[in-house]
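Student: I should like to learn how to read the features of a model such as this one. May we go through them in turn?

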Amino acid sequence: MCTFFFLKKIPETKEETSSLSCISHKHHTSFFRIFREVPLVAKFSIFLMGFLQIILVSTTLFLPLLALELDLSIVNIGFLMGAMTFPLFLATLFSVFEDRFDRMLFNVGGLLLSTVPLFLLVAVDAPFFIALLSMLISLSVAIIRPASLGIIASHISHEDAPAAATLQIFANRVGAFTGAFGISMIANTFGIRISFLVIGI
């Protein structure tokens, strides 16, 4: 409380206020300009960053719930989530490898890799296969994320890097909200397995 009153008494000059306003305006202008000016492949990659968050949030929320429906123990659910998380550590390795080839091929391949396990989760009941499918989904994320980031970075100048980072964060937040709220509504209405089918489609 004391800190609040102290900060409130600090005088704010017109020059400081004007500078902050200019920086904020310039930042937001760059934000929209970048999205307008980057080529379609970069726009697609920004969209993919948001879609990856839908996949991650949805699987993190609903895979444990699916495991509970199959009467798995808390320990087994912990192993399931650990198995799903492990492939994400490979993203750095993939980024080094993807720099030598067309990154868009890795985006397409990663999407195809994620689609198959999402469809199979609709019907699979064995815990081992659920863990295997969850690892494949995370592996696809580990493949797509560095490829998408590389594509975005290759079409962004050094001066626009901060605004581009904000654009990616915004896409991630939209994806997280969609995964947490939108897919939850589908799962609540039609069932958890149907939510995986919708994400796969």
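Tutor: Let us begin with a definition: a salt bridge is a side-chain nitrogen of Lys or Arg within 4 Å of a carboxyl oxygen of Asp or Glu. Please bear in mind that this is a predicted model.

Student: How many salt bridges does the structure hold?

Tutor: The general idea is that side chains of opposite charge can pair when their charged atoms come close. In this case the structure holds one salt bridge. Asp125 and Arg193 form it, and their closest N and O atoms are 2.5 Å apart.

Student: Which parts does the pair tie together?

Tutor: Asp125 belongs to the loop between α6 (103-120) and α7 (127-154), while Arg193 belongs to helix α9 (residues 192-200); the pair therefore ties together parts that are 68 residues apart in sequence.

Student: Are the two partners buried or exposed?

Tutor: Here a cut-off is needed: buried means under 20% relative accessible area, exposed means over 50%, and partly exposed lies in between. Arg193 counts as buried because its relative accessibility is 18%. Asp125 has a relative accessible area of 45%, so this residue is partly exposed.

Student: What is the pattern of the protein chain along the sequence?

Tutor: Reading along the sequence gives α-α-α-α-α-α-α-α-α, that is, nine helices and zero strands. Of the 201 residues of the chain, 38% count as buried. Among contacts with a separation of 6 or more, 83% are made by residues 24 or more positions apart.

Student: Which contacts does Ser140 make beyond its neighbours within four places in sequence?

Tutor: Ser140 sits in helix α7, and with a relative accessible area of 0% this residue is buried. Beyond those neighbours, Ser140 is in contact with Gly110, Leu113 and Ser114.

Student: How is Ala165 placed with respect to Ala153?

Tutor: Ala165 is in helix α8 and counts as partly exposed, at 34% relative accessibility. From C-alpha to C-alpha, Ala165 and Ala153 are 9.4 Å apart in space, and they are twelve residues apart in sequence.

Student: Which residues lie nearest the centre of the largest pocket?

Tutor: They are Ile46, Phe47, Gly50, Ala171 and Val174, from a lining of 13 residues. The elements giving two or more residues to this lining are α3 and α8 (161-190). The space in the largest pocket is about 200 Å³.

Student: Let us turn to the surface. How much area does the protein chain expose, and what share do carbon and sulfur atoms supply?

Tutor: The chain exposes about 12,000 Å², and carbon and sulfur atoms supply 73% of that area. A nonpolar surface patch of about 300 Å² is formed by Leu65, Leu68 and Ile74. Leu65 is found in helix α3 (residues 40-69), and its relative accessible area of 39% makes Leu65 partly exposed.

Student: What should one look for in the backbone, and where is Asp71?

Tutor: As a general idea, most residues other than glycine have a negative phi. Asp71 has a positive value, with phi near 65 degrees. The place of Asp71 is in the loop between α3 and α4 (74-85), and with a relative accessible area of 69% Asp71 is exposed.

Definitions and conventions. Residues numbered from 1 in each chain as written. Predicted model: local features only at pLDDT ≥ 70, side-chain atom pairs only at ≥ 80, totals over all residues. Heavy atoms only, no water. Patch = residues over 30% accessible without salt bridge, like charges linked within 9 Å, V, L, I, M, F, W, Y side chains within 5 Å. Areas by Shrake-Rupley, 256 points an atom, 1.4 Å probe, with all protein chains shown as cover. Helix = DSSP H or I, 4+ residues; strand = E, 2+ residues; numbered from the N terminus. Buried < 20%, exposed > 50% of the residue type's maximum accessible area, 1.4 Å probe, protein only. Contact = heavy atoms within 4.5 Å. 1 Å grid on protein atoms, 1.4 Å probe; cavity = no way out; pocket = protein on both sides within 12 Å on 5 of 7 lines; lining within 4 Å. Points joined across faces, edges and corners; volume = space filled by probe spheres on them.
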